[in-house]
Amino acid sequence: MFKNDCNQKNVRKRRIGALLPLGAVLCGTAFAAEPVPVDDQEVVMDDVKVKAARDRKINRFKADKSSTGSKIEQDLRDIPQSVSVVKKELIESQNAFNLTDALRNVSGLTIAAGEGGRTGDSITLRGFSANSDQYLDGVKDNGQYSRDTFFIEKAEVLKGASSILFGRGATGGVINQIAKKPTGNTGIKGNFTYGLYDFKRTTIDAETAYQDFAARLNVMYQDADSFRDYNYTNRWGIAPSFSLKLSPDTDLTLNLLHQQEDGVFDYGVPMWNGRPADVPVNTYYGFYDNRMMDTDANVATVALQHRFSDAFSVKNTVRYGDYERKYLTHLFSGNAATTGANAGTIGRSQALRLSTQETLYNQTDFVLKKPLFGFNNTLMFGSEFGWEEYTFKNKNSTGVSRVSVFDPVLTGSVGAGLASDFSGTLNTNRLTRAQTYAGYLMDEFEINPQWKLVGGTRYDVFEAQQEDFLNSTNSYDTRVSQFSPRGGFVWQPTDWQSYYFSYGKSFNPSAESLSLSTGSANLPPEQNNNYEIGAKLDLFDGKLSATAALFRLEKTNARTTSATEPNLQELSGEQRTDGFELGLAGEVLPNWDLSATYAYLDAEVVSSNNSAVGSVSGQTKSYQGMSMVNVPKHSGVVWSTYHLTDNWEVGGGVYYATDRFADSVNEAVLPGYARLDAVLAYHQKHYDVQLNVFNLTDTVYYESGKTNSALPGTPVSGQLTVNFKY
């Protein structure tokens, strides 16, 4: 008989008879294909070294499923629309601690400068603002704060008009964070990072489970200076989550998030003759003793899911959000003067602002999987009810002096004119309330294993009331109702090929961002249409995915200033983005992981009555025919890592974007760039050491900008991270 002795490193003389293959499997040892003796006889084998397989996940960068393209988690190949998934393994490899850094891996997405009173994450998707299209586990999370990645499992981006799933907005797409939740395991992971510019950060991720109860706790603390003078970011967060199985068919989950941050409002360097001023990237133009930007975000989510049967289930999700942001702005006022008494200087403005926002959403989603006319069919239907309240206060400082563009001499406070509190005269003081009532119906019909149809619609009623405490004549009410259809089909001739066509519609009401004006209060919503054809392929036995999409996204009735009444707006404009996207993700060869994206975007203002004075020419120009703001023609990211041995990993990537315009008349330009990063990691069972180097070639580039300012990207820098796991 065979005696199993797998703890020995060598296998010596054994009498194994006909059980040799079983012994090999049980010992995890690879044997050469030899004839198996059928009689009981002594077999003498050479010493064979037994080595455990490397504890490394394959397909670290490739995702197979998404819960953003539908109301249920689906295979990506079954979704007739572009979906990009940034997994935590890619986030960790790049040390992408901010959501915006993680989203750089998404094709057709750019980081924008905040506009007006809007701060926090500011994102453009396929040429259109996605500031109000932020979601967490499929429920709206549109508070104004800079999102950290310490508590998320992955970030999913659904591109194209998608109001059937998400209601108002969702023009260029939506960003959906998937939070870390209890897995039923017990363990703890954590890390500490130290980097240049006195960057310090630590996180902990701990889990435990007992019978039907499981809990997970994520904690983060960050204390960091910046390559920008007088800048810093102090941040901490805690995100506990709990799950309880109330019965074999009923699950209850609770997810909490608290994130707090204090830092500096900084828009970077001035524009000079339509280009970022040629000054060191650390040059600061603000007031060294007036730097304040405090953020407090609190989010609580409760979800109850019940399965009536294998075919029918319901999920009800309640989300409460509370966000507060208080900050001192520092903006450049007007263009830099090139001639005259103020030559070589630029004006500045400063204001104290406070925005608070409360949201409450309830989503109920039913899923029925039942054959229809003998064909597989999935019917999804449900409702959404939402309530939002947003307050905004603004008080301008007075006596703010001009400053030299190329040799700024910094001073302290602006003096008696400093807006240090909200007493006295305010420039803005308003309250906006909004209510959403919606119902949707969506069906996925499988004609046969090769052909699937998707179709449905959503009906939204969106109401908003704005109360102006400074001028009652600027108080408004608005109400819009809208159907948002979606349709498409998927053709899958083989198990590794998937081709699709889709059409989707979305709408943008005037109060989408919880702000109304005299010119926009009574306008119907803008309408958007997305037409897309694409392919999703699984190559090399599913180890590598390749995607391609060709699309047209158009806003057919964009808001534009009336040609006859300058104080009113009308829906006579048109904006359009034509483009295509490519993507690769997965394992190219054994030990070689890759994530690569590319986008070509031709974003144009087709028609508009609006005009502006060019910052360079000084001439009044129409928006019509201009490229849309902050949209590069070509952009992409390639990130790749290779395991040299079981322990050593090396990799890096390139972030690339061509020129893009920072103003609506295309005279302020942010130059194109290519940034090179690298990573070197040493892995062990219970710890890892990882070195990230950013901008290896020390390229001067600008991440975002406006007509008068440009925000520089980081110069060459590095971070060393030590991870532990038990």
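Let's start with strand S10, residues 173-179. How many of its residues are buried? Seven of the seven are, so the strand is largely enclosed by the rest of the structure. Keep in mind that what we're looking at is a predicted model.

If you turn S10 around on your screen, you'll find that both of its faces are covered. On one side sit Gly 173, Ile 175, Gln 177 and Ala 179, and on the other Val 174, Asn 176 and Ile 178, every one of them buried.

Now, which strands pair with S10? One of them is S7, residues 134-136, which runs parallel to S10 and pairs with it over three bridges. To find that pairing by eye, look for Gln 134, whose bridge partner in S10 is Ile 175. Another is S9, residues 152-159, and here the two strands run antiparallel, joined by seven bridges. A handy landmark there is Ala 155, which stands opposite Gln 177 of S10. So Ile 175 and Gln 177, which we met as buried residues on one side of S10, give us our landmarks for S7 and for S9.

Let's move along to strand S11, residues 187-195, and pick out Asn 191. Is Asn 191 buried or exposed? Its relative accessibility is 18%, so Asn 191 counts as buried; the cut-off for buried is under 20%. Its side chain makes a polar contact of 2.9 Å with the side chain of Thr 203. And what else does Asn 191 touch, once we leave aside its neighbours within four places in sequence? There is a group made of Arg 201, Thr 202 and Thr 203, and then there are Thr 721, Val 722, Asn 723 and Phe 724. Please remember that second group, as we'll be visiting strand S41, residues 717-725, shortly.

Next, salt bridges. The whole structure has 41 of them, and I'd like to show you a few.

First up is Asp 266 with Arg 228, whose side chains meet at 2.9 Å, N to O. Asp 266 lies in the loop between strands S15 and S16, and Arg 228 in the loop between S13 and S14, so this pair ties together parts that are 38 residues apart in sequence. Both partners are buried: Asp 266 has a relative accessible area of 11%, and Arg 228 has 3%.

Then we have Asp 602 and Lys 633, with their closest N and O atoms 3.0 Å apart. This pair links distant parts of the chain, 31 residues apart: Asp 602 is in strand S30, while Lys 633 is in the loop between S32 and S33. Here both partners are partly exposed, Asp 602 at 27% and Lys 633 at 34%.

The next pair is Asp 688 and Lys 725, where the closest N and O atoms are 2.9 Å apart. Asp 688 belongs to strand S38 and Lys 725 to strand S41, and the two are 37 residues apart. What about their surroundings? Asp 688 is buried, with a relative accessible area of 9%, whereas Lys 725 is partly exposed at 27%.

Last of all, a cluster to look up: Arg 126, Lys 159, Glu 532 and Glu 581 are joined into one network by salt bridges that share partners. Lys 159 also takes us back to where we began, since S9 spans residues 152-159 and is joined to S10 by seven bridges. Thanks, everyone!

Note on methods. Residues numbered from 1 in each chain as written. Predicted model: local features only at pLDDT ≥ 70, side-chain atom pairs only at ≥ 80, totals over all residues. Heavy atoms only, no water. Buried < 20%, exposed > 50% of the residue type's maximum accessible area, 1.4 Å probe, protein only. Helix = DSSP H or I, 4+ residues; strand = E, 2+ residues; numbered from the N terminus. Pairing = 2+ DSSP bridges. Polar contact = N/O pair within 3.5 Å; in protein donor to acceptor, adjacent residues only side chain to side chain. Contact = heavy atoms within 4.5 Å. Salt bridge = Lys/Arg side-chain N within 4 Å of Asp/Glu carboxyl O.
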